[in-house]
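Let's take a friendly walk through the side-chain pairings, a sheet and an enclosed helix of this chain. Have the viewer ready and follow along.

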Amino acid sequence: MSVLTRDEAQTRARLLDVHRYTIDLDLTSGDDTFDSRTAIRFTVRADQDATDTFVEVKPAELRSATLDGHPLDPESLIDNRLPLKNLTPGPHELHIAARMRYSRTGEGMHRFTDPSDHETYVYTQLFMDDVQRVFAAFDQPDLKAVFDLTVTAPEGWTVLANGITEHLGDGRWQAATTPPISTYLVAVAAGPWHSVRTEHRGLPFGLHCRRSLAPHLDTDADEILDVTRACFDRYHEKFDEPYPFDSYDQAFVPEFNAGAMENPGLVTFRDEFVYRSAVTDTERQTRAMVIAHEMAHMWFGDLVTLRWWDDIWLNESFAEYMGYQTTAEATRFTDTWTDFGITRKAWGYDADQRPSTHPVAPEAVEDTASALLNFDGISYAKGASALRQLVTWLGEKDFLTGINNHFTRHKFGNASLADFIDSLADATERDVHTWADTWLRTTGVDTLTPHITPGDNGVCTLTVDHTGSRPHRIAVGLYDQDLTDEGRLTLRDRVDIDIPHPDGGHPIGKRPALLVPNDGDLTYAKIRFDPHSFHTLRDHLSGLPDPLTRAVVWNALRDAVRDGELPPADYLNTARTHLPRETDLAITGGVLTFAATQVADRYTTPEDRPAALATLSSLCRDLIRRTEDGDHPGLRLIAVRHAIDVAAQPDTLAAWLTDGTVPGGPELDPELRWRILGRLAVLGATDDTAIAAELANDPSATGQEGAARCRAALPDPDAKHTAWQAMFTHDDLSNYLFTATARGFWQPEQADLLQPYVTRYYQDAVALAARRGPAIADAAGRWAFPTHTVDPETHRLGEECLRDADPIPALRRKLTDQLDDLARALRVRRTPTLTEA
């Protein structure tokens, strides 16, 4: 398939104005394909001579194509491009009829049959360049048009789209004409949906999910709608432009590759957000943030859309920042920035230190395949962090004025970084152009290290060393030990500092027990501690009063481990000391996840891993004991989940599974039952008969995934062979079942059994990615990579693959990142303990 280049898009944008698409889809023609008919009305600009261009379509069969009533040769379709020859200035009309394939990988028109009740659902995910899998289009974001859509669906189905839909009878549905939007934002979701409908501010709002999830959606519908209404109202306080579409539907769809997609008027979410098992309040907060994030896109991305994919940050960084900020302002979830700091921000830091790093706003993204790789921790987390720093430096009033300038100037159009910076510049005296150059055009993570210089009369001076090139406005927290409670630390002062220092050091009085640079987490930088502060943290970290400050500290310790400055065992010991007293769910979950999946599974040698797991098991037991009173169900759930994941012996888990409960609670819901069974499979303490019995009790889609993960985890040669064949040979696993199988396959406890597959991985993954495309390539690189094989030979084989095997871009990016993480793990394993150092 040919990918669209930046130069081709710019050429076509100079040539054409696209006005209207009339699309007719027939979803009743079979299980494998559907029919698609498209009429495109467009104009070749008057200043152009007769010229050539192309339209994109990727059909199973191109049945007919006519241009201005004249037939085009279907055989002229090459890859996904149909040539349009000798176009003269003036209006034109293109008609294309095709048979299109349903997808099982979450790309294009995805089709899913629910194993619980055998009902079928389809939905589109047209992001980047997958619209051509559904209908013919001039597929680039700056050729906006209005869309008229009709759909023929089986009886009993409901069709959802970007605008309000009307059932015309006989399975025919018509959607209201859209305002001008980009092709990648067109959306259809069809099936026997369970729907919850209401109105807000005169607009129809709806929630939709599979029928088998109806009881779970109904349980949470009030919470979801309360969040939706609160965010909607808050955005109308922030933004001068009103919500620009005729309705707001939120569809929770199966086997969705992303967290959600901002289709105007029809946001699609992965339906794991319809919780069928117990979740923590932090997970509910995450769902609220995603709702806020996608709603922000109605303005950032949908009303005003990037001109080309080098300005992804204009979509994602803004939605990410607004999602966290607006959730904190408008809902009961007021601690969103703590969760961002401990989980999301680490994603940005990690991505920014790999060879594949890129600026938040790169100078040029050459084609759509390259652009797809930039939807990562840099475009989301780093970009949102940069915006948070911008608001700190600029002030929220001027920031919002600049945003509203931008919306007014470019509504229903397209804009670039330069356009946005000009809008900001008109709202402030500050030099935002230089800010953009230093923050958005550069790569890497700055490092801030505080120093205290003793002075006369006990007055100390604070300076902050700065490794990097960006200016920062930060707060430095000064903490003293509480005289009434030696385990607690009290905030003496927060000192606002501009870096580089404009006027030397800052007098701070007597030396504090602890200095925390970037207290409040308002900038994007790694921090280090002076020796006195580090000594204080080892004993008193949990005594810090503010969870966001504790998140900053835990992130700093995480970075120190990854950089080889703090031994992994010391991180575990710090967690063992302080996490039992932690009250914040996001911090508890984030620290335990890093400790288990990175420190124990990757950064610790096989010889030392049992001791690491024992430390984590002991920590989880302490948390479980602490929550026996029932007052902290979220903490208890986190502790139980992690106790399962790090268990080295099966007896306790087997007893929980038999009893159907953890002593003192919680009772085992489907998620916990599959989690326990998965760990028992890893430990060789269950078999396929038990897995089949569990699946019979829970035949849902998530049950199917649980069974696939458990079967792949069994320490049995036949089970491993079957799982490998399913992933890399048969090509019939959906995207979710592929991921589930891959997540079960590689286990640190099974290194000897899995060794033959390490050498097979690279060749098989390259071939698979070429056959099945970017979504499966991404899954193969992320989940099917032999993550726990931390040795030089695995790294050598990977480098050889990148050099000689020519993987498609999506897999190449994942392998590049995995190999860099592997090399980092090898370095970290050589970190001496503090006593050795």
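## A salt bridge and its network

Asp-281 and Arg-332 bring their side chains together in a salt bridge, with an N to O distance of 2.9 Å. This pair ties distant parts of the chain to each other: Asp-281 belongs to helix H3, while Arg-332 lies in the loop between helix H4 (312-330) and helix H5 (336-352), 51 residues apart. Please keep in mind that the model is predicted.

Which residues join Asp-281 and Arg-332 in one network? Through salt bridges that share partners, Asp-220, Glu-223, Arg-284 and Arg-287 are connected with them. Asp-281 has a relative accessible area of 36%, so the residue counts as partly exposed.

## Two further long-range pairs

Side chains of opposite charge can pair when their charged atoms come close. Over the whole structure, the search returns 70 salt bridges. One of them is formed by the side chains of Arg-12 and Glu-56, at 3.0 Å from N to O. Here helix H1 (residues 6-15) supplies Arg-12 and strand S3 (residues 51-56) supplies Glu-56, and the two are 44 residues apart. Are these partners buried or exposed? Arg-12 is buried, because its relative accessible area is 2%, and Glu-56 is buried as well, at 3% relative accessibility.

Another salt bridge has Arg-276 and Asp-698 as its partners, with 2.6 Å between N and O. It links distant parts of the chain, the two residues being 422 apart. Arg-276 sits in the loop between strand S19 (266-270) and helix H3 (281-297), and Asp-698 in the loop between helix H19 (688-697) and helix H20 (701-713). Arg-276 is partly exposed at 25% relative accessibility, whereas Asp-698 is buried at 9%.

## An open sheet of four strands

Now for some backbone pairing. Strands of a sheet pair through backbone hydrogen bonds, either parallel or antiparallel. In this model, four strands make up an open sheet, ordered S26-S23-S22-S28, with mixed pairing. Why do S26 and S28 each have one side without a neighbour in the sheet? Strand S26 (506-509) and strand S28 (526-527) are at the edges and have a single partner strand each, so one side of each is left without a neighbour there.

At the S28 edge, strand S22 (residues 447-453) runs parallel to S28, and two bridges join them. To find this pairing in the viewer, look for Leu-448, whose bridge partner in S28 is Ile-527.

## Cysteines without disulfides

How many disulfides does the search of the whole structure find? The count is zero. Cys-620, for example, is in no disulfide, and the nearest cysteine sulfur, which belongs to Cys-710, is 19 Å away. Cys-620 is buried, with a relative accessible area of 0%. Cys-231 is likewise buried, at 0% relative accessibility.

## An enclosed helix

Helix H22 (residues 735-745) is largely enclosed by the rest of the structure, because nine of its eleven residues are buried. Among these buried residues are the aromatic side chains of Tyr-736, Phe-738 and Phe-745, together with Asn-735, Thr-739 and Gly-744.

What covers the buried residues of H22? The cover includes strand S8 (108-113) and S19, along with H20, helix H21 (717-728), helix H23 (751-772) and helix H24 (774-782). S19 and H20 also appeared earlier, as elements flanking the loops of Arg-276 and Asp-698.

Note on methods
Residues numbered from 1 in each chain as written. Predicted model: local features only at pLDDT ≥ 70, side-chain atom pairs only at ≥ 80, totals over all residues. Heavy atoms only, no water. Pairing = 2+ DSSP bridges. Salt bridge = Lys/Arg side-chain N within 4 Å of Asp/Glu carboxyl O. Buried < 20%, exposed > 50% of the residue type's maximum accessible area, 1.4 Å probe, protein only. Disulfide = S-S within 2.5 Å. Contact = heavy atoms within 4.5 Å.
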